[in-house]
Amino acid sequence: MIVEQISVFLENKPGSLEHATRVLKENNINIRTLSIAETVDFGILRLIVNDVDKTNNVLKEAGFRVSKTTVVAVEVPDQPGGLHSIMEVLNKENINVEYLYAFVEKSGQNAVIIFRFDNPEKAIEILLAHKFTVVPGKQLYEL
Amino acid sequence: MIYNEEFETLPREALKALQLKRLQQTLQRAYHTIGYYKRSLSATGVSPQDVISLDNLRNLPFTTREDVRKNYPFGLFSVPMSNIVRLHATTGTSGRSSVFSYTRRDIDTWTELNVRSLVAAGVTKNDIVHNAFSYGLLPVGLGVHYGTEKIGASVIPMSDGNTKRQITLLQDFGPTVLCSTPSYALHLAHEGESQGVNMKTLQLRVGIFGGELWSDATRDAIEDAFSIRALNIFGISEIMEPGIACECLEGRHGMHIFEDHFLVETINPQTGEVLPEGDEGELVFTSLTKEAFPLIRYRSGDISRLITEPCRCGRTHVRMERVLKRCDDMLTIRGINIFPGQIEAILQEIEGVSTDYQLIIDKADALDTVELHVEVGEKYFAEAGGVKELQAIEKRIVKDMKDYLSIPPRVKLVAPQTLAQKKAKVIDKRII
């Protein structure tokens with residue numbers, strides 16, 4: 001049920017994000033969703049892509065520092081309270097969220113929220129027990 | 001004013017005779033008590049009794065900073081620890097710093113040479129000395145401290161840092177003498193002015209500055225900022241710092257080297273050949289009276305020129321021009337000497353970064369700023385590619401640099417391509 005996210009180290013200087021997106025374009029990689037974590041000195045580009053291994057390899061070859069991170073994708077109705085319904089459960093179960101980002105599916109009906117947990121397996125178990133829709137990686141990559 | 005009239009104005013001939021006698025004693029002692037010197041002298045086929053004139057000195061091997069480090073920590077000590085009353089050391093990780101020691105008599109010598117420097121700057125027992133040289137494992141602050149107390153002047157042991165407090169005490173205690181690195185003096189001036197303090201109307205009369213390379217332009221700026229005379233002093237941690245040379249009040253014509261305690265030569269740093277007095281070259285010092293940690297032909301790395309013309313002050317000791325450059329890769333940052341190899345040694349111990357780095361040194365508000373660019377390791381990032389992990393690395397680098405070198409840099413993690421493109425490991429943007 002887990003999703004693999006690609007994390008790319010980006011130096012905080014002009015052109016480093018452009019370089020990464022250029023490599024993706026040249027290798028015909030499609031980005032499903034992304035977010036950037038930034039600090040004063042560096043950023044980490046987080047990507048959900050259609051081909052995880054290929055992305056990992058081409059970015060590495062281009063000289064980037066790359067890692068694969070395990071995240072969890074949860075689908076909720078795109079309406080007020082959608083995210084909160086998940087947070088309420090996580091809070092009650094004492095599950096810590098390291099970070100999250102989200103996107104709206106093409107149909108416009110649902111939103112997909114990408115979570116990074118300390119313990120993804122346990123989080124998935126709890127989310128499923130509460131009848132949330134956890135989107136498997138394979139399905140997400142091909143959206 | 002001259003503190004030790006007898007020795008500081010000794011006629012050159014008598015001085016040379018004294019130097020030869022003390023050199024012979026130093027060589028005998030080093031040869032018989034320090035294994036390193038026995039081996040290095042034997043290897044060149046010279047024994048101490050072969051040295052019958054000062055010219056014979058050039059047949060002896062040099063001692064380098066690397067030699068000192070190879071004998072870390074106590075390998076070059078000439079006396080047992082029971083005779084040593086003090087240990088000092090430069091910054092650096094184990095085996096990458098120089099350790100030096102003093103007997104009680106060495107401390108007395110060091111004190112006297114600091115007294116000479118202070119008296120040459122006109123300091124008397126009526127003065128209050130604001131000593132902003134660093135106190136601690138590095139020797140500078142304590143040297144000035146002892147000298148001041150010996151004169152009977154009042155010393156304020158400020159050390160460096162706590163700038164606001166320093167400005168308060170400069171106003172409230174009314175010190176007449178300021179001792180610090182030149183850059184810290186300028187920083188004090190800037191900070192004081194920004195707090196609305198008129199630094200020209202403080203009680204300060206004279207300042208004694210050293211510990212880093214500085215130019216006469218900086219001297220002008222300091223003299224103007226505080227409305228004082230600014231004098232230069234010189235020392236080398238391994239030999240004596242401060243306490244090798246000082247300026248007198250006669251003007252900006254070089255620092256008198258205390259030749260009754262140190263022999264100085266000028267060499268071509270590439271070939272090691274001894275140059276005629278007055279030529280520009282690397283200064284090489286031999287200690288003549290140190291007991292615990294004698295050094296023979298110690299290569300300073302400092303490029304300077306000796307001035308042999310007599311000085312109007314009456315001292316007969318040769319003068320050295322201010323040091324404006326070095327012939328090795330030593331960097332002086334905030335008065336602390338560091339070497340690029342020391343940074344590499346620190347990075348080597350930190351998981352997650354490569355030992356490729358770039359150090360960028362600049363100045364902000366007269367103080368040195370240090371930025372260290374370090375490359376994120378591939379394997380480390382692949383396994384732990386998170387913000388938290390990278391920030392932990394940054395913190396670790398800052399802490400280790402602070403702990404081992406006393407220089408906490410601003411760390412910037414960079415992508416690997418960035419450093420590969422850059423050739424210079426050190427970019428020094430400072431204007432001295």
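Colleague: What classes of residue make up the lining of the second largest cavity?

Modeller: A mixture: 5 nonpolar, 5 polar and 4 charged residues. Keep in mind that this is a predicted model.

Colleague: How do I find a cavity to begin with?

Modeller: Start with the general idea. Rolling a probe the size of a water molecule over the atoms shows where empty space is left. Now the case here. The second largest cavity has a volume of about 110 Å³. It is lined by 14 residues, and the closest to its centre are T90(B), L138(B), S237(B), E241(B) and N337(B). Two elements of chain B, α4 (65-70) and β16 (336-338), each give two or more residues to that lining.

Colleague: How many cavities of 30 Å³ or more does the structure hold?

Modeller: There are 3. The largest has a volume of about 300 Å³. Its lining counts 25 residues. Look for G211(B), E212(B), F234(B), G235(B) and D302(B), the closest to its centre.

Colleague: Which elements give two or more residues to the lining of the largest cavity?

Modeller: Three strands of chain B do: β7 (229-236), β8 (240-246) and β12 (298-307). The largest share, 5 residues, comes from β7(B). By class, the lining has 11 nonpolar, 8 polar and 6 charged residues.

Colleague: Let's turn to the backbone. What should I expect of phi and of peptide bonds?

Modeller: Most residues other than glycine have a negative phi, and most peptide bonds are trans. Look for the exceptions. The bond from Y72(B) to P73(B) is cis, with omega near -5 degrees. P73(B) sits in the loop between α4 and β1 (84-89) of chain B. E241(B) and P242(B) are also joined by a cis peptide bond, with omega about -10 degrees. P242(B) belongs to strand β8 of chain B. You have met E241(B) already, among the residues closest to the centre of the second largest cavity.

Colleague: Where does N28(A), with its positive phi, lie?

Modeller: In a loop of chain A, between α1 (16-26) and β2 (31-38). Its phi is near 60 degrees, and N28(A) is not a glycine.

Colleague: Next, the interface. How many residues of each chain are in contact?

Modeller: Count both sides. Chain A has 23 residues in contact with 22 residues of chain B. Then take the area. The two chains bury about 1,800 Å² between them, and 55% of it is on carbon and sulfur atoms.

Colleague: What is the count of salt bridges between chain A and chain B?

Modeller: The count is 5 salt bridges. One to find on screen pairs the side chains of E378(B) and R65(A), at 3.7 Å from N to O. The cut-off for that N to O distance is 4 Å, so this pair counts. Also between the chains, 6 residue pairs are in polar contact, with both residues at pLDDT 80 or more.

Colleague: Which elements of chain A supply the side that touches chain B?

Modeller: Strands β1 (3-11), β3 (42-49) and β4 (66-77) of chain A each supply at least two residues. β1(A) gives the most, with 4 residues. By class, this side of chain A has 9 nonpolar, 6 polar and 8 charged residues.

Colleague: Where would you point me on a second look?

Modeller: Go to β8 of chain B. This strand holds P242(B), and it also gives residues to the lining of the largest cavity. Then go to R65(A) and its salt bridge with E378(B).

Technical notes
Residues numbered from 1 in each chain as written. Chains lettered and ligands numbered in written order. Predicted model: local features only at pLDDT ≥ 70, side-chain atom pairs only at ≥ 80, totals over all residues. Heavy atoms only, no water. 1 Å grid on protein atoms, 1.4 Å probe; cavity = no way out; pocket = protein on both sides within 12 Å on 5 of 7 lines; lining within 4 Å. Points joined across faces, edges and corners; volume = space filled by probe spheres on them. Nonpolar A, V, L, I, M, F, W, Y, C, P; charged D, E, K, R; others polar. Contact = heavy atoms within 4.5 Å. Buried area = accessible area lost by both parts, 1.4 Å probe. Polar contact = N/O pair within 3.5 Å; in protein donor to acceptor, adjacent residues only side chain to side chain.
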